[in-house]
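Please open the structure in your viewer and keep the sequence panel visible. The tour proceeds from the whole chain to individual selections.

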Amino acid sequence: MQRYSRAAIFLHWAIAALLAFQIAVGWALEDLGARGFALYQLHKSVGMTVLALTLARIAVRFWKPRPAKLENGWQGALASGVHVGLYAFMLGAPLTGWALVSTAKVKVPTLLFGVIPLPHLPLPASAHGLAENGHGLLAWLGIALLALHVAGALRHHLLMRDGLIWRMVPGRSTALLIGLPALILVGFVAGRAILPAPQAASAPVPVAEDPANAAAEDANVAEAANAAVPAENAAANASEAAAELPVGPPPAWTVQPGGRIGFSVGNDGETISGSFSKWTAQIVMDPDHPDSADIQVTIDMASASVGDAYKDGMLPGDEFFGVAAHPTATFTAKGAEATGPNSYRARGTLTLKGVSKPQTIRFTLSGKDATRKVSGSATITRALFGVGNGDSSGGLGPQVALTFAFTAKRKN
C-alpha cells in the first residue's frame, strides 16, 4: 500500500497534537483573566508553531507524491472538502490570532517561547473586532472539521476495512497505529493539565457607592492608624521642637549609587514585584528639625521592570504607566514630622500618569553625621492614577506597595 512520506506523516501527527493542545488551552483563556498571562503567551507561541508546520505540510504535499483517493462520488468530495477546510483552519486560526494581538488596545509584546520576538502586523485598530470574531469562529469550525476527519478515518478503518489509516503510519506497526493517534489525546490532556487551579470563592466585599469617597475613607483610616503613637512620645517631640530652633539653613543630601525603589502588587493570590532602575532625588532636611524637609523624587517610568519580558513590555503602555505621554512620576513634599526615634512621615503630592493626588510616605534614618541610610515605604491606590485600567489587570490588587532604600551623604 502506498503511504504518505515520512515528512508528511510527522507533520500530520505533530500538528494534530498541537491543535488538541491549543483547543484545550484556548477554551479556558477567556475566564482566567490576569492569571492566564503566561498561558496566553504560550498559546500564541504554539499557534505560530502550528502556522509554520502547516506551511511546511503544504510544501511537502506538493513536493512528495500522495496516495491516490480511495473514494469518489459525494463521499470523496466531502473528504476533499474537509481537508481543504482543515488547511484553512490551520492557516486562518494562527493568522487571525496574530491579527487579534496586533490590533488590541493593550499592546502585549510576543516572544515566541520567551526567545523570538514576533512583530505586530501593520493592521488598523478597527480590524480588531473582525479578527476576534474570526478567531473564535474558526476555532469552532476547526473542532467540527477535526471531528469529521476522525469520523471519516474510523469509518474507513473499522467499517470499510480498506487500510486507509495505515497510509499515515510509518510501517505496518500496531504500536504506532495506537501510539500516533494517542498523541492527540496527550496534547489535549497536557493543555488541560497546565491550566491554573480554580480560585476558591471569596467572601463578598461591600462596595462603596462612590469609589472616590471609598478611596478617601480608606486613606483616612490608614492615616489614623499610622498616626497612633504613644502620647508621651508626641509630648516629648513637641517639647523638643519648642525648646530647640534650627540653626542656619537645613543641609542638602546627595543620594549615593546603589539605591533602590521597588514595588509589589497582588495578582490573583500571587505577588508581582519589580523596581525602577532610573530615578533621582533632591533632599533637603535637618533630621533634628524634620519640618525643614524639602523632598523631590523623580522616577523614570520607562525603567520599570518585573523581571519578565512579556510583562515589562506591557508596563509602558496606556493600560499601566502611559510612558509616551507621561515619562516620569514625581513625589514632592514640604516638611515632615517625627513619628518616633529616627522615624518620620512626609505628606506630599504624587504626580503619576498626569494625575496629582495627596500621598504619604514613611521613612527611617540610621547612621550619623554626614552619612545616613534611608529606608521607607508607601501604599499607593493605583486606580486613583489610572494604572491598570484594562482587561489584563482584572486580577491586580487595588493597592501597590512601594519601598525604597538608599544611602545619602550630606553636601558640604
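The stops below begin with the whole chain, continue to a pair of helices and end at a single residue.

**The whole chain.** Please bear in mind that this is a predicted model. Display the chain as a cartoon: its secondary structure comprises eight helices and 14 strands. Of the 412 residues in the chain, 38% are buried. Switching to a surface view shows about 23000 Å² exposed, of which carbon and sulfur atoms supply 63%. Among contacts in the chain with a separation of 6 or more, 68% join residues 24 or more positions apart.

**The helix pair.** Next, select residues 73-103, which form helix H3, together with residues 128-160, which form helix H4. How do the axes of H3 and H4 cross? They come within 7 Å and cross at roughly 150°. Because an angle over 145 degrees counts as roughly antiparallel, H3 and H4 are therefore described as roughly antiparallel to each other. The crossing of H3 and H4 is left-handed. By class, the residues in the contact of H3 with H4 are 12 nonpolar, 12 polar and two charged.

**Aspartate 286.** Now select residues 279-286, which constitute strand S6, and locate aspartate 286 within this strand. Is aspartate 286 buried or exposed? Its relative accessible area is 16%, so aspartate 286 is buried. Add Pro250, Pro251 and Ser292 to the selection: aspartate 286 touches these residues, leaving aside those up to four places away in sequence. Finally, pick proline 249 and draw a C-alpha to C-alpha distance to aspartate 286: the two are 8.5 Å apart in space and 37 residues apart in sequence.

Notes
Residues numbered from 1 in each chain as written. Predicted model: local features only at pLDDT ≥ 70, side-chain atom pairs only at ≥ 80, totals over all residues. Heavy atoms only, no water. Axes fitted to C-alpha atoms, helices over the stretch in contact; angles between N-to-C directions. Helix = DSSP H or I, 4+ residues; strand = E, 2+ residues; numbered from the N terminus. Parallel < 35°, antiparallel > 145°, perpendicular 65-115°, else oblique. Left-handed = near helix turned anticlockwise from the far one by under 90°. Nonpolar A, V, L, I, M, F, W, Y, C, P; charged D, E, K, R; others polar. Buried < 20%, exposed > 50% of the residue type's maximum accessible area, 1.4 Å probe, protein only. Contact = heavy atoms within 4.5 Å. Areas by Shrake-Rupley, 256 points an atom, 1.4 Å probe, with all protein chains shown as cover.
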